[in-house]
Amino acid sequence: MIGGIEAGGTKFVCAVGDDHGKIVDKITIPTEGPDETFQEVKKFFKTYPIEALGVGSFGPIDLNTKHETYGTILNTPKTEWKHYDLLGRLKADFPIPVYLDTDVNAACLGEYLYGAGKNADSTLYITVGTGIGAGFVYQGSTYQGTSHPEMGHIFIEKRGDDRFTGSCPYHGSCLEGLASGTAIEERYQVRGDLLQENETVWELEAHYLAQAIVNYIMVLSPERIILGGGVMKQEKLYGMIREKVREMVNDYVAIDDVEELIVAPELDDEQGVKGAIGLVFRDEDV
């Protein structure tokens with residue numbers, strides 16, 4: 001049995017499963033301070049004789065094994081978790097192999113192994129919710145550089161009729177600042193789920209997401225692009241984004257079937273915790 005934790009800023013999802021993606025048991029814990037949260041995490045896993053533990057964590061988190069701060073959560077707005085040694089705490093609580101990555105890389109790995117990316121060699125998973133993040137898997141391995149990629153903070157061209165200055169406290173009008181759920185709410189002063197019938201809202205949203213996707217296509221050339229997160233519950237966005245991506249690429253690179261390239265997730269919001277379990281089969285023991 002393998003343990004998995006999707007360690008999010010608002011909730012921890014803990015599960016026990018196997019290498020076939022089958023979940024035996026699962027629990028959701030509200031994210032409080034580290035001590036309170038890990039008391040509940042330990043209580044859940046105490047019942048199961050897990051052999052290893054995979055964790056996909058919110059960030060930013062230091063994933064460079066050469067750094068003394070490897071496994072430490074860095075400059076997060078969640079003050080109780082800022083500069084917290086997450087990996088150290090996990091190893092202290094669980095005397096078994098522990099495997100660590102970002103939450104979006106874990107989600108991407110989950111879809112690559114068991115969901116919408118399982119027949120692709122390379123998969124990009126983009127989550128569009130309160131913020132925007134992305135993970136990338138190539139031939140079974142998640143991508144990490146000197147730090148983990150922050151694809152939600154790329155700079156895109158702001159449309160001329162958009163007067164919104166952006167919601168990102170660091171960059172203003174980066175992708176997250178213009179197209180996240182937070183940006184939608186701040187731009188229109190109402191939650192996105194209350195704007196379902198306003199086509200202008202979703203046309204602009206599709207415009208910004210398509211720009212970002214074209215940039216990712218040019219840099220990574222992924223075989224499959226999976227769009228998840230709360231904003232993508234507006235299912236009409238998929239068709240709008242596909243059309244705009246095709247227009248923006250303008251036949252510069254070949255896109256054989258845009259409906260096969262840009263798809264929805266298949267794992268019913270379990271891609272994060274299933275991918276966390278999948279990390280155990282990706283890496284060597286850390």
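Axes are lines fitted to C-alpha atoms, for helices over the stretch in contact, and angles run from 0 to 180 degrees between N-to-C directions. Helices are DSSP runs (H or I, at least four residues), numbered from the N terminus. The model is predicted, so local features need pLDDT of at least 70 and side-chain atom pairs count only at pLDDT 80 or more, while totals for chains, interfaces and linings use all residues. Residues are numbered from 1 along each chain as its sequence is written, and side-chain values use heavy atoms, with hydrogens and water left out.

Start with helix 1 and helix 2 (residues 86–93), whose axes come within 12 Å and cross at roughly 35°. On the helix 1 side, P34, D35, F38 and K42 make the contact (heavy atoms within 4.5 Å), and they meet L86, R89, L90 and D93 of helix 2.

Helix 1 (residues 34–45) also holds T37. T37 has 1% relative accessibility and therefore counts as buried (under 20% relative accessible area, 1.4 Å probe, protein chains only). Leaving aside residues up to four places away in sequence, T37 touches F12, P30, T31, E32 and W81. A polar atom of the T37 side chain lies 2.9 Å from the backbone nitrogen of E32.

Further along the chain, helix 6 (residues 199–220) packs with helix 7 (residues 236–249) at an angle of about 50°, and their axes are 8 Å apart. The two helices are therefore oblique to each other (not under 35 degrees, not over 145 and not 65 to 115). Among the residues in this contact are W202, L209 and I213 of helix 6 and L237, M240 and V245 of helix 7.

Technical notes:
Buried < 20%, exposed > 50% of the residue type's maximum accessible area, 1.4 Å probe, protein only. Polar contact = N/O pair within 3.5 Å; in protein donor to acceptor, adjacent residues only side chain to side chain.
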